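Subject: Structure handover and notes

Hello,

Please find the structure below, followed by my notes on what turned up in it. The notes go through strands, ring pairs and charged side chains.

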Amino acid sequence: MKLRLLLLTALWASAATAQVDAVQSGVYRWTDTDATRPILDGVTTPLAHLEIRAVTLAPGQSSPPGPAHDELEALVIVKEGALRVTLEGRQDVLGPGSVAVVLPGDAHGFENAADAPVTYYLFRYRSKAPVDAERGQNAGGSFLVDWNDVTMQETETGGRRQHFDRPTTMFERFEMHVSTLNVGLTNHAAHTHPAEEFVLIIKGEVEMLVGETYQKASPGDIIFLASLIPHALRNIGGGPTEYFAFQWQ
């Protein structure tokens with residue numbers, strides 16, 4: 001009996017560990033199969049919890065109202081279609097490339113606002129550092145960024161749209177931008193930085209250096225780059241590529 005209890009305890013511990021595996025650097029492929037598609041789930045250096053999924057809503061469909069979590073922050077990125085976002089009583093319709101950041105404690109909901117399907121990415125996360133609700137509210141609270149309101153600034157390699165750069169409840173700094181990279185170019189020399197980074201491909205074909213190897217990525221794919229891992233992105237397609245890049249600290 002004692003041996004059986006020890007074996008069961010070991011199995012439970014193993015299962016718990018499996019549920020909180022560290023997210024590995026690399027390309028997470030876009031798949032277009034189910035209405036709700038898990039992409040990754042785990043922990044990272046600064047995050048005690050991270051889950052990413054893609055959600056598709058049919059015309060007239062809405063997701064259940066989001067609970068006002070006190071411990072989870074959320075990031076929404078619209079992939080295609082028109083998404084009506086309800087955030088603390090305010091409603092806005094967001095198109096492709098638009099984002100919403102929902103701070104802990106703020107009620108929210110999502111609804112298809114058109115006669116074609118809408119698809120969005122949903123990131124939910126919790127920092128290992130103590131939650132700082134006052135910091136998030138002082139920075140402006142939950143917010144929306146409409147793609148049409150973000151101006152592209154030309155650069156030597158293409159262009160850049162700065163979506164935001166600000167503190168949130170979970171992070172001292174959360175920075176997001178969209179880069180346009182012209183044909184045949186590399187965005188920068190291979191480098192590292194302490195902050196983790198996500199890259200979400202919007203358009204074009206790319207190769208991302210992850211550590212010591214290049215991995216191909218296509219529209220819809222998400223690339224995770226852990227702290228201090230060498231990386232660089234190059235455009236291998238026949239036209240400009242566009243991609244989100246965001247870091248948190």
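Two strands count as paired if DSSP finds at least two bridges between them. In this predicted model, that applies to strand β15 (residues 206-210) and β18, which pair in the antiparallel sense over five bridges. Within that pairing, glutamate 207 stands opposite arginine 234 in β18.

The two residues also meet through their side chains: arginine 234 and glutamate 207 form a salt bridge, at 2.7 Å from N to O. Since arginine 234 belongs to strand β18 and glutamate 207 to strand β15, the salt bridge ties together parts that are 27 residues apart in sequence. The partners differ in exposure. With the limit for buried set at under 20% relative accessible area, glutamate 207 is buried at 14%, whereas arginine 234, at 30%, is partly exposed.

The sheet around this pair is open and has three strands in the order β16-β15-β18, with antiparallel pairing. Its edges are β16 (213-217) and β18 (231-235); each has a single partner strand, so one side of each is left without a neighbour in the sheet. On average, neighbouring strands of this sheet are turned by 25 degrees against each other, direction ignored.

A second open sheet of three strands follows the order β6-β5-β8, again with antiparallel pairing. Here β6 (90-94) and β8 are the edge strands, each pairing on one side only. The twist from one strand to the next averages 20 degrees. Strand β5 (residues 83-87) is joined to β6 by five bridges, and the two run antiparallel. One residue pair in this register is valine 85 with its bridge partner aspartate 92 in β6.

This sheet also carries salt bridges, of which a search of the whole structure finds nine. One of them is formed by glutamate 111 and arginine 84, whose closest N and O atoms are 3.7 Å apart. Glutamate 111 lies in strand β8 and arginine 84 in strand β5, so this contact ties together parts that are 27 residues apart in sequence. Both ends count as partly exposed: glutamate 111 at 29% relative accessibility and arginine 84 at 23%. Aspartate 92, the bridge partner of valine 85, has a salt bridge with arginine 90 at 2.5 Å, N to O. Aspartate 92 is partly exposed as well, with a relative accessible area of 25%.

Strand β3 (residues 47-57) has nine of its eleven residues buried, so it is largely enclosed by the rest of the structure. Strand β2 (residues 36-42) is joined to β3 by six bridges, and the two run antiparallel. The connection between β2 and β3 is a hairpin of four residues. Glycine 42 has leucine 50 in β3 as its bridge partner. β3 also pairs with strand β9 (residues 118-127), in the antiparallel sense and over ten bridges. There, histidine 49 has arginine 126 in β9 as its bridge partner.

On aromatic residues, a search of the whole structure finds 16 pairs. One is between tyrosine 125 and tryptophan 248; it is tilted, with 5.1 Å centre to centre and 40 degrees between the planes. Tyrosine 125 is in strand β9 and tryptophan 248 in strand β19 (residues 241-248), so the pair ties together parts that are 123 residues apart in sequence. Both rings belong to buried residues, with relative accessible areas of 0% for tyrosine 125 and 3% for tryptophan 248.

Tryptophan 248 has a further ring partner in phenylalanine 174: the centres are 5.4 Å apart and the planes at 65 degrees, so this pair is edge-to-face. Phenylalanine 174 lies in strand β13 (residues 174-181) and tryptophan 248 in strand β19, so the pair ties together parts that are 74 residues apart in sequence. Phenylalanine 174 is buried, as is tryptophan 248. These rings are part of a cluster linked by ring pairs, whose members include Phe123, Phe143, Phe164 and Phe246.

Last, a charged residue without a salt bridge. Aspartate 106 is found in the loop between β7 (99-102) and β8 (108-112). Aspartate 106 is buried, and the nearest side chain of opposite charge, arginine 166, is 9.3 Å away. The side chain of aspartate 106 does make a polar contact with the side chain of serine 142, at 2.5 Å.

Regards

Technical notes
Residues are numbered from 1 along each chain as its sequence is written. This is a predicted model: local features need pLDDT of at least 70, side-chain atom pairs count only at pLDDT 80 or more; totals for chains, interfaces and linings use all residues. Side-chain values use heavy atoms; hydrogens and water are left out. Buried means under 20% relative accessible area, exposed over 50%, partly exposed in between (1.4 Å probe, protein chains only). Lys and Arg count as positive and Asp and Glu as negative; His and the chain ends are not counted. A salt bridge is a side-chain nitrogen of Lys or Arg within 4 Å of a carboxyl oxygen of Asp or Glu. A polar contact is a pair of N or O atoms within 3.5 Å; within protein, one must be able to donate a hydrogen and the other to accept it, and residues adjacent in sequence count only if both atoms are side-chain atoms. Axes are lines fitted to C-alpha atoms, for helices over the stretch in contact, and angles run from 0 to 180 degrees between N-to-C directions. Rings of Phe, Tyr and Trp (its six-membered ring) pair if their centres lie within 6.5 Å; planes under 30 degrees apart count as stacked, over 60 as edge-to-face and the rest as tilted.
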